[in-house]
Amino acid sequence: MKHWSKGKSERLERDFVAANSGRSPVATASSLPVLRQQAATCKACELWKTATQTVFGEGTPGATIMLVGEQPGNQEDRVGHPFVGPAGKLLDAALAEAGIDRSSVYVTNAVKHFKWTASDRGKRRIHKKPRASEIQACRPWLEAELRVVRPQVLVALGATAAQALFGASFSVSRQRGQLIDSPLAPFAIATVHPSSILRAPDEKSRHEQRRMFVNDLQRVALLATQAHAA
Ligand code: URA
């Protein structure tokens, strides 16, 4: 198995403590249940006011693969678990097709509160993209998850997660499926967000986009095998 270097862990820890200094709650715990409990009261940005609850990541602490999405959606916000709505169902099926068992991965989001706006008639909650400041405010939780899980393969799902993890200039359309040199994990890669596949204009392009998504996840499965063998 490829290992995180000591320097890399220490650097993450240092950046993480610096980012948290003076902010409450401080996400320095080294256990996921404690972090989840602390994140439940996070008010580092304004999103907690309109969300039902914090949706923290889920999975085993030693998971080889960590998947990072954008933010919880409508259903995730109500039930408190990541990727359980339509995008999550597509993700589960694609992971299974790629030979990855969802229960063996850690799944989280760059932002842990649902950002939404009311539809015209006020009956529906429409997803709104998080601002850079909201992503930044939530970053200590993501870094804490990275510190504790220490994934071998880090996977960004969509542009928000990819830019949060790999920098603002990252382009998913140009760099999807390619290995990214990142201090965050031995292997890092980005692919599209599953909800972009659900938004495809017709059946033919949905089918093609789904095929490419599974293809990217097959690469992730291969990297996980490689990480174990190294
Ligand atoms: N979209 C995301 O990015 N994350 C979720 O948890 C659900 C939908």
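This is a short tour of a predicted model, one selection at a time.

**Start with the whole chain**

Show everything as a cartoon before picking anything out. The protein has 230 residues, and 41% of them are buried. Its secondary structure consists of nine helices and six strands. Among contacts with a separation of 6 or more, 71% join residues 24 or more positions apart.

**Stop one: the sheet**

Select β1, β2, β5 and β6. These four strands make an open sheet with parallel pairing, in the order β2-β1-β5-β6. The edge places belong to β2 (105–109) and β6 (187–191); each has a single partner strand, so one side of each has no neighbour in the sheet. Look along the sheet and you can see the turn from strand to strand, which averages 20° between neighbours, direction ignored. As background, the strands of a sheet pair through backbone hydrogen bonds, either parallel or antiparallel.

**Stop two: strand β1**

Now select residues 65–69, which are strand β1; five bridges link this strand to β2 in the parallel sense. On the other pairing, β1 and β5 are joined in the parallel sense over four bridges.

Try clicking on a few partners:

- I65 has V105 as its bridge partner in β2.
- I65 also has a bridge partner in β5, namely V153.
- M66 stands opposite Y106 in β2.
- V68 stands opposite A156 in β5.

Why is β1 described as largely enclosed by the rest of the structure? Five of its five residues are buried, so there is cover around the strand. Colour the two faces separately to see this: I65, L67 and G69 are on one side, M66 and V68 are on the other, and all are buried.

**Stop three: strand β5**

Move along to residues 153–157, strand β5. Here too, five of the five residues are buried, so β5 is largely enclosed by the rest of the structure. One side carries V153, V155 and L157, and the other carries L154 and A156. Five bridges join β5 to β6, and the two strands run parallel. To find one of the places where they meet, select L154 and look opposite it for A188 in β6.

**Stop four: the core**

Which residues have the most contacts inside the largest nonpolar core? They are I65, M66 and V155, in a core of 56 residues. Helix α5 gives this core its largest share, eight residues.

Centre the view on M66 and show what surrounds it. Leaving aside neighbours within four places in sequence, M66 is in contact with V105, Y106, T108, V149, P151, L154 and V155.

**Stop five: a residue in helix α5**

Select residues 132–149 for helix α5, and pick out A144 within it. Is A144 buried or exposed? It counts as buried because 27 C-beta neighbours lie inside 10 Å, and the cut-off for buried is 20 or more. Add S31 to the selection: A144 and S31 are 113 residues apart in sequence, yet their C-alpha atoms are 9.1 Å apart in space.

**Stop six: helices across the sheet**

Bring the sheet back and add helix α6, residues 159–166. This helix lies across β1, β5 and β6, running at about 135° to β5. Then add helix α9, residues 203–229, which also lies across β1, β5 and β6 and runs at about 170° to β6.

Stay with α9 for a moment. Its 27 residues, at 1.5 Å a residue, should span 39 Å, and the end C-alpha atoms are 39 Å apart, which agrees. Show F213, L217, V220, L223 and A224, the buried residues of α9. Their cover includes β1, α4, β5, β6 and α8.

**Last stop: helix α4**

Finish with residues 86–97, helix α4. Its 12 residues should span 16 Å at 1.5 Å a residue, and the end C-alpha atoms are 17 Å apart, which agrees. The buried residues of α4 are A87, G88, L91, A94 and L95. They cover an arc of only 125° around the axis, so they sit on the same side of α4. In general, an α-helix has 3.6 residues a turn, so residues three or four places apart point the same way. Among the elements covering the buried residues of α4 are α8 (194–198) and α9. Before you leave, click on G99, which follows α4 and has a positive phi near 85°.

Terms used: Residues numbered from 1 in each chain as written. Predicted model: local features only at pLDDT ≥ 70, side-chain atom pairs only at ≥ 80, totals over all residues. Buried ≥ 20, exposed ≤ 12 C-beta atoms within 10 Å, placed from the backbone. Pairing = 2+ DSSP bridges. Axes fitted to C-alpha atoms, helices over the stretch in contact; angles between N-to-C directions. Contact = placed C-beta atoms within 7 Å. Expected span 1.5 Å × (residues − 1). Arc of directions from axis to C-beta. Core = buried A, V, L, I, M, F, W, Y, C linked by C-beta atoms within 7 Å.
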